[in-house]
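Student: Could we go through this model together, beginning with the DNA and then working our way into the protein? I'd like to know what to look at on screen.

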Amino acid sequence: MKLPTSFYTRRDVVNVARDLLGKYIYTDLPGGITGGYITETEAYAGITDKASHAFGNRRTPRTEVMYRKGGRAYVYLCYGIHSLFNIVTNVEDIPHAVLVRGINPTCGKDLMLKRSGKSLIDKAFANGPGKVCRILGIHWRHSGLDLSGDTIWLEDGGRKVREDKIQISPRIGIDYAEEDARLPYRFLLKKT
DNA sequence: CGGCCGATCCACT
DNA sequence: GTGGATCGGCCGA
């Protein structure tokens, strides 16, 4: 069952990031369908968040998709090599997003292994946002895709996520964000 | 149009 | 724990 648009248009991006833990992400891209459930996310809270690409209400061709209604993909290139996948949230003109930093692969494992160049799925297989995009076949050209479509989508697979299984910490790799670098906007599923 | 830099990863020490 | 890879986006001129 796909997540409804109303899941993405909620105004509390930090809670959306937390609620995305345990939800399933799927892609139907060349090679077949791959997917898994989300194990790590970060919230980026728009124009007042120094870590966000939309800080200060900055609008560029790249960031424009963040200003659209929640429920689309915002994918961009980082360090010249890695695509990073974000889920746009909130209503139109409020550029909030959630970065998907880790998944637990469940579907299309052979294809994910092939895309990764690895020979087995270990703990470090999908524990970073660049790796997640690589194994799911997501590229920055997919930015703007509607998540209610059949290319990239999310489902509520009925996984129960207990509050005491959630670890919260500051976000990674955003030291430039000054005081906002310390905000507790990162959510991880603890190892079972 | 040139130059700087990044929401990372991996090999190597 | 650290440094190099690598290139599109952004800004200033």
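Tutor: Let's begin with a backbone contact, keeping in mind that this is a predicted model: a polar backbone atom of Gly 80 lies 3.4 Å from a base nitrogen of DNA strand B.

Student: And which part of DNA strand B does Tyr 76 approach with a polar side-chain atom?

Tutor: That is again a base nitrogen, and the distance from the polar side-chain atom of Tyr 76 is 3.1 Å.

Student: What about Gly 128, which part of DNA strand B is its polar backbone atom close to?

Tutor: For Gly 128 the partner is a phosphate oxygen of DNA strand B, which lies 3.3 Å from a polar backbone atom of the residue. If you look for the elements that supply two or more residues to the surface near this DNA strand, you will find strand 4 (82–89), strand 5 (96–107) and helix 4 (129–136).

Student: How many residues surround DNA strand B, and which are closest?

Tutor: There are 20 residues around DNA strand B, and the closest of them are Tyr 79, His 82, Asn 86, Lys 131 and Tyr 176. Looking from the side of the nucleic acid, 51% of the atoms of DNA strand B that come within 4 Å of the protein belong to sugar and phosphate.

Student: What is the make-up of that surface by class?

Tutor: The surface near DNA strand B is made up of 10 nonpolar, seven polar and three charged residues.

Student: OK, over to DNA strand C. Which residues are around it?

Tutor: DNA strand C has Arg 58, Thr 60, Arg 62, Thr 63, Leu 77, Tyr 79, Gly 80 and Ile 81 around it, which by class comes to three nonpolar, three polar and two charged residues. Of the atoms of DNA strand C within 4 Å of the protein, 79% are in sugar or phosphate, with the rest in bases.

Student: Which atoms of DNA strand C do Arg 58 and Thr 60 reach with their polar side-chain atoms?

Tutor: Arg 58 has a polar side-chain atom 3.1 Å from a sugar or linking oxygen of DNA strand C, whereas Thr 60 places one 2.4 Å from a phosphate oxygen. A base is involved as well, since a backbone N or O atom of Tyr 79 lies 2.5 Å from a base oxygen of DNA strand C.

Student: Changing topic to pockets: how much space lies in the largest one?

Tutor: The largest pocket holds about 610 Å³ of space. Its lining consists of 23 residues, with Tyr 37, Thr 39, Asn 104, Leu 189 and Lys 191 nearest the centre. Strand 2 (32–44), strand 5 and strand 8 (186–189) each give two or more residues to that lining, and the largest share, four residues, comes from strand 5.

Student: And which residues lie nearest the centre of the second largest pocket?

Tutor: Those are Tyr 76, Cys 78, Leu 84, Ile 172 and Gly 173, out of 22 lining residues, and the space in this second largest pocket is about 410 Å³.

Student: How do the two linings look by class?

Tutor: The lining of the largest pocket has nine nonpolar, five polar and nine charged residues, while that of the second largest pocket has 14 nonpolar, six polar and two charged residues.

Student: Now strand 1. Why is it described as largely enclosed?

Tutor: Strand 1 (residues 24–29) is largely enclosed by the rest of the structure because five of its six residues are buried. On one pairing, six bridges join strand 1 to strand 2, and the two run antiparallel; on another, four bridges join strand 1 to strand 6, also antiparallel.

Student: Which residues does Tyr 26 face in those partners?

Tutor: In strand 2 Tyr 26 stands opposite Gly 35, and in strand 6 its bridge partner is Trp 153. In the hairpin of strand 1 and strand 2, where two residues lie between the strands, Gly 31 adopts a positive phi near 115°.

Student: Last one: where is Asp 164, and what does its side chain contact?

Tutor: Asp 164 sits in the loop between strand 6 (152–155) and strand 7 (166–169), and its side chain makes a polar contact of 2.7 Å with the side chain of Arg 162. With a relative accessible area of 42%, Asp 164 counts as partly exposed.

Note on methods:
Residues are numbered from 1 along each chain as its sequence is written. Chains are lettered from A and ligands numbered from 1 in the order in which they are written. This is a predicted model: local features need pLDDT of at least 70, side-chain atom pairs count only at pLDDT 80 or more; totals for chains, interfaces and linings use all residues. Side-chain values use heavy atoms; hydrogens and water are left out. A residue is near a molecule or strand if one of its heavy atoms lies within 4 Å of it. A polar contact is a pair of N or O atoms within 3.5 Å; within protein, one must be able to donate a hydrogen and the other to accept it, and residues adjacent in sequence count only if both atoms are side-chain atoms. Ala, Val, Leu, Ile, Met, Phe, Trp, Tyr, Cys and Pro count as nonpolar, Asp, Glu, Lys and Arg as charged, and the others, Gly among them, as polar. On a 1 Å grid over the protein atoms alone, a cavity is a set of points where a 1.4 Å probe fits but cannot get out, and a pocket is an open set with protein on both sides within 12 Å along at least five of seven lines; lining residues have an atom within 4 Å of a point. Grid points are joined across faces, edges and corners, and a volume is the space filled by probe spheres set on the points. Buried means under 20% relative accessible area, exposed over 50%, partly exposed in between (1.4 Å probe, protein chains only). Two strands pair if DSSP finds at least two bridges between them.
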